[in-house]
Amino acid sequence: MKNTKIGIVGGLGHIGLIQGACLAELGYLTVAYDYNVKKVEEILQGKLPFFEPGLEETVNKTVKNGRLRFTANVKDLEETDLIFICVGTPSLPSGEADTSQVYAAVEEIARNRENHCLAVVKSTVPVGTNRKLTEFLKDNGLSERVTMVSNPEFLREGSGVNDFWNPSRIIVGAQSKEHAEKVAGLYSPPGVPVIITSWENAELIKHAANAFLASKISFINEIAALCEKVGGDIRVVSRGIGLDPRINPYFLEAGVGFSGPCLEKDLKSLISQFQKVGEKAKLLESALEINERQRNAVVHKLQEQLGTLKGRRIGILGMAFKAETDDVRDSHSLPIIRKLLALGAALTVHDPWIQSFQQAGLDEGEFPEVRWVTSPYKAAEGQDALLILTAWPEYRNLDLQRLREALVYPLIVDGRNMFDPQEMQALNIKYLGVGI
Ligand code: UDX
């Protein structure tokens with residue numbers, strides 16, 4: 001058993017639960033605290049709050065061997081000496097990240113203990129937050145109890161457990177080397193680079209990484225727009241440039257753009273951090289604008305083919321923001337659905353893992369004229385067009401002839417470039433991808 005006792009705040013969120021379960025698997029006694037009593041009760045009955053490959057097994061094993069425990073009582077963190085803050089930092093309407101949950105978490109930890117602990121911020125926070133939190137603790141006479149450390153996470157949904165075990169790097173921002181090494185030493189597999197640096201650098205690394213990934217996607221989407229005009233094929237262009245090791249092949253898939261709870265939010269937050277210091281993040285603003293354009297482009301393609309969308313029936317394949325997750329938070333599918341509804345379309349939606357707006361935690365009343373179905377063929381039946389928004393692997397094996405027969409007009413707009421345009425043409429399906 002390892003000596004350090006770990007606490008997690010936001011222990012039932014996507015990052016907190018993975019972090020807690022994997023550290024417990026490593027042998028640390030871990031207490032995962034979440035203020036959401038209902039979620040805590042549910043996990044105690046064996047029901048995980050979301051799906052993540054490999055997570056359920058790790059949770060079950062570590063709960064059983066007594067290393068992982070869940071609580072809705074912050075007092076249970078009192079005995080822990082290193083607490084990860086894994087709470088949300090959602091976008092405010094201005095684009096700025098709302099750090100109120102992080103402040104609340106740090107204050108709650110500090111007010112509910114006597115002994116000293118490290119509060120390690122996993123949440124993505126604007127540059128300067130750890131310094132401000134330190135001042136906040138000092139102003140409130142709490143600095144003897146809590147010392148701030150920044151340790152940004154780079155876990156991707158759908159492969160979060162695997163990413164925990166195989167990190168590309170470990171970044172720790174702290175004021176003292178001893179504290180930084182304590183955090184880095186929890187889990188640093190051999191050969192994995194560790195960067196120990198200032199709070200500010202650690203906070204910037206996280207934002208810059210996500211902004212770079214977002215910009216890379218917008219870059220390829222920009223080239224895709226030119227491909228459509230001049231008869232190029234973005235898939236070939238993407239492969240051709242990705243083979244250059246200085247570029248690499250990742251995050252070069254053109255499509256309906258990036259979405260989900262991180263990339264867009266972090267990009268907006270970084271743009272607002274530039275604004276705060278009187279600068280303009282020209283490249284990042286363009287990346288965001290191109291992303292908006294990608295969402296509008298699929299709607300325009302439907303309009304161009306069908307004339308008006310008023311009264312048109314459109315089947316939608318995919319609600320999740322990407323495949324292998326049941327997460328619809330900030331999914332691109334939502335603004336696209338709202339836009340189609342505003343234009344008067346009636347929608348039939350399929351997603352292999354999400355069966356209703358209610359299941360997705362959304363208000364059904366906000367989406368009139370939407371019908372959910374349990375098979376992709378049903379989503380196509382009697383529809384004027386099919387719109388693909390998430391690259392679920394099972395969609396790749398669809399019987400295209402059957403889809404064609406189900407559709408009233410053989411029109412497929414594919415926001416994920418899942419099919420071969422020539423095969424579609426041979427079946428007399430009008431197929432419009434992105435940049436092909
Ligand atoms: C991201 C970061 O990758 C991760 O390091 C960070 O910790 C959290 O944010 P995640 O949001 O899980 O992870 O998803 P990611 O795999 O990065 O995909 C984000 C979006 O970009 C998805 O909508 C995806 O479909 C889209 N995408 C990705 C593309 O459109 N093209 C690509 O080539 C790659």
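The following exchange concerns a predicted model and takes up its cavity and the surroundings of its ligand.

Reader: What makes the space lined by Val121, Ser123 and Lys206, among others, a cavity?

Author: A cavity is a set of points where a 1.4 Å probe fits but cannot get out, and the structure holds one such space of 30 Å³ or more. Its volume is about 40 Å³, and its lining includes Thr124, Ser150, Pro152 and His207. Helix α8, residues 199-230, gives the largest share of that lining, four residues.

Reader: How do you know which residues of the cavity lining count as nonpolar, polar or charged?

Author: Ala, Val and Pro are among the residue types counted as nonpolar, whereas Glu and Lys count as charged, and the lining accordingly divides into four nonpolar, four polar and two charged residues.

Reader: Why is the approach of Glu153 to the ligand called a polar contact?

Author: The cut-off for a pair of N or O atoms is 3.5 Å, and a polar side-chain atom of Glu153 lies 3.1 Å from an oxygen atom of the ligand, so this pair qualifies. By the cut-off of 3.5 Å, Lys206 qualifies through a side-chain N or O atom at 3.3 Å from a ligand oxygen, and Phe321 through a polar backbone atom at 3.1 Å from a ligand oxygen. The protein covers 91% of the 670 Å² of accessible area that the ligand has on its own.

Reader: Why is the ligand said to lie between domain 1 and domain 2?

Author: Domain 1 (5-197) and domain 2 (211-432) both give residues to the shell around the ligand, and therefore the ligand lies between them. In that shell, α8 supplies the largest share, four residues.

Note on methods:
Residues are numbered from 1 along each chain as its sequence is written. This is a predicted model: local features need pLDDT of at least 70, side-chain atom pairs count only at pLDDT 80 or more; totals for chains, interfaces and linings use all residues. Side-chain values use heavy atoms; hydrogens and water are left out. On a 1 Å grid over the protein atoms alone, a cavity is a set of points where a 1.4 Å probe fits but cannot get out, and a pocket is an open set with protein on both sides within 12 Å along at least five of seven lines; lining residues have an atom within 4 Å of a point. Grid points are joined across faces, edges and corners, and a volume is the space filled by probe spheres set on the points. Helices (H or I, at least four residues) and strands (E, at least two) are DSSP runs, numbered from the N terminus. A polar contact is a pair of N or O atoms within 3.5 Å; within protein, one must be able to donate a hydrogen and the other to accept it, and residues adjacent in sequence count only if both atoms are side-chain atoms. Accessible areas come from the Shrake-Rupley method with a 1.4 Å probe; for residues, only the protein chains shown count as cover. Domain bounds come from an automatic or database domain assignment.
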